[in-house]
Amino acid sequence: MQNTLSEQEIQQLRAETKGTAQRVHFNNAGASLPPDAVLDTVVNYLNEEATYGGYEVEYKYRKEIENTYTLIARLINAEVDEVAIVENASTAWGLAFNGIAFEKGDVVITSEMEYVTNLMGFLHVQKTHGIEIKVIPNDEHGNFSLTALEEAISPKTKLIAITHISSTAGGMIPIVEIGKIARKHHILYLVDACQSAGQVPVDVKEIDCDMLSVTGRKYLRAPRGTGFLYVRKEIQDSLNLIFMDSHTAEWVSQDNYKIRNDARRFELYEKNRALTLGLGKAVEYALNIGVDRIWTRIQYLAGLMRRELESMNGITVHDAGDEQCGIVTFSVDGVDSPTVKNKLAEKQINVSVGKAISTLIYMNKKNLDTVVRASVHYYNTETEINTMCDALRSIIKINPLLTAAQYH
Ligand SMILES: Cc1ncc(COP(=O)(O)O)c(C=O)c1O
């Protein structure tokens, strides 16, 4: 198979995604358009549930439901017993983080690109357990500093928690190199791969992380309300459980229970089986294309978009760092990001607004309240990028401030 997607394949993949005929969708970091096969899987399952009964249909599809775990394990190079399926990345991350037995004085090291939910998680445990939070700032080129990380580590360091790809910037954090440092110092390592799974090859053995959280709806193209957690087998017993039910543990006698022997101890029994199957179908779809090929295509499209935007007067691209992904962030001089988003939406172009609150440390440092976020997936095209850039040119032209300053 060739390393990049051919024109013919792109057309085929677009034909299998009904949404691509309706909109130019550059909000893949919010939620991607699902392949029709994912949608059909969910709808058909719900129809069968309504017709034959929820438990009966679960039994009928038990092998396919089980296969979702196998597919996720293949996607991230984990073992099947290291995967728990949950509703979203926040649940996955929270189950892992809050399962850690923190003590007063423990230190958590993170980066300036960390996601809001995770930062609030740190602050909460700072209040309840007296932990210390150390934030490693990016260097002047926008790269994470491995030297600064090494210097920050002390015998008190309990956890390194890193968001691989932030929600409001195109730069990436070197999670494999960080994993080597975490392992060398025997420090727990938690990775937020919410924006990376389905976009970039994610291999938990190569990253050497202990825990990894993922959502389904973003680059994996699964339905909303899906996600999963990876927990390395060796540390499962050391994490506290936040919730329990008879799926998490077996009730062995009136006053005792036995926690199950795999990562499914972190999930509860009741969940939406249609969505679990939809997640499985989406993962299978990505595996069939090949995540390495997806990644090559995304880098190509995002590079093209950045170059095009950078060549336009009145646009500032904010992404920095040596390695950049499919999330392209920019501002239009004199036009606020929500207005840019709304004006593009009038032309059936979906982008989103990246708010400071999502990545507060980074956005404050850059003095940014908002950015326009145009996030590409492999099914986007060069023509769609041109369509967006043309629409942006007309937004710039009708802005009287800019017209006066730069066009007269
Ligand atoms: C980097 C990152 N981590 C975590 C999350 C939370 O994901 P979820 O909404 O699935 O809980 C997001 C959502 O945008 C995100 O961008």
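This passage describes the overall form, salt bridges, surface patches and backbone of a predicted model.

The chain holds 15 helices and 15 strands. Its radius of gyration is 22 Å, close to the 22 Å that the globule rule gives for 408 residues, so the chain is as compact as a globular protein of that length. The C-alpha trace spans about 80 × 55 × 35 Å along its principal axes. Of the 408 residues, 56% count as buried. One of the buried residues is Ile 327, which has a relative accessibility of 0% and lies in strand β12. Between the C-alpha atoms of Ile 327 and Gly 105 there are 36 Å in space, and the two residues are 222 apart in sequence.

Side chains of opposite charge can pair when their charged atoms come close. In this model the count of salt bridges comes to 21. Among them is the pair formed by the side chains of Glu 9 and Arg 293, with an N to O distance of 3.0 Å. Glu 9 belongs to helix α1 (residues 7-15) and Arg 293 to helix α11 (residues 291-310), so this salt bridge ties together parts of the chain that are 284 residues apart in sequence. The two partners can also be described by their accessibility. Glu 9 is partly exposed, because its relative accessible area is 25%, and Arg 293 counts as buried, because its relative accessibility is 4%.

The side chains of Arg 273 and Glu 58 form another salt bridge, at 3.1 Å from N to O. Here the partners come from helix α10 (residues 273-289), which contains Arg 273, and helix α3 (residues 54-60), which contains Glu 58; the pair therefore ties together parts that are 215 residues apart in sequence. Both Arg 273 and Glu 58 are buried.

A salt bridge also joins Glu 66 to Arg 264, the closest N and O atoms being 2.9 Å apart. This pair links distant parts of the chain, with Glu 66 in helix α4 (residues 62-76) and Arg 264 in the loop between β10 and α10, 198 residues apart. Glu 66 has a relative accessible area of 33% and is therefore partly exposed. Arg 264, at 11% relative accessibility, counts as buried. Elsewhere, salt bridges that share partners join Arg 183, Asp 208, Asp 210 and Arg 232 into one network.

The surface carries a patch of negative charge in which Glu 177, Glu 206, Asp 322 and Glu 323 gather. Of these residues, Glu 323 is placed in the loop between β11 (315-317) and β12 (327-332). Its relative accessible area of 42% makes Glu 323 partly exposed. The strand that follows this loop, β12, is the strand that holds the buried residue Ile 327.

A nonpolar patch on the surface is formed by Met 244, Trp 251, Tyr 257 and Ile 259, which together have about 470 Å² of accessible area. Within this patch, Ile 259 is part of strand β10 (residues 256-259). Ile 259 is partly exposed, with a relative accessible area of 33%. Strand β10 also borders the loop in which Arg 264, the salt-bridge partner of Glu 66, is found.

The backbone was also examined for phi angles of positive sign. Most residues other than glycine have a negative phi, and most peptide bonds are trans. Arg 221 is not a glycine, yet its phi is positive, at about 65°. Arg 221 sits in the loop between β7 (211-215) and β8 (227-231). With a relative accessibility of 2%, Arg 221 counts as buried.

Gln 348, also not a glycine, has a positive phi of about 60°. The position of Gln 348 is in the loop between α12 (337-346) and β13 (349-350). Gln 348 is partly exposed, its relative accessible area being 38%. Thus the positive phi values of Arg 221 and Gln 348 both occur in loops, with Arg 221 buried and Gln 348 partly exposed.

Notes. Residues are numbered from 1 along each chain as its sequence is written. This is a predicted model: local features need pLDDT of at least 70, side-chain atom pairs count only at pLDDT 80 or more; totals for chains, interfaces and linings use all residues. Side-chain values use heavy atoms; hydrogens and water are left out. Patches are made of residues with over 30% relative accessible area and no salt bridge: like charges are joined within 9 Å, nonpolar side chains (Val, Leu, Ile, Met, Phe, Trp, Tyr) within 5 Å. Accessible areas come from the Shrake-Rupley method with a 1.4 Å probe; for residues, only the protein chains shown count as cover. A salt bridge is a side-chain nitrogen of Lys or Arg within 4 Å of a carboxyl oxygen of Asp or Glu. Lys and Arg count as positive and Asp and Glu as negative; His and the chain ends are not counted. The place of a charge is taken as NZ of Lys, CZ of Arg, CG of Asp or CD of Glu. Helices (H or I, at least four residues) and strands (E, at least two) are DSSP runs, numbered from the N terminus. Buried means under 20% relative accessible area, exposed over 50%, partly exposed in between (1.4 Å probe, protein chains only). The radius of gyration is taken over C-alpha atoms; the globule rule is 2.2 Å times the number of residues to the power 0.38.
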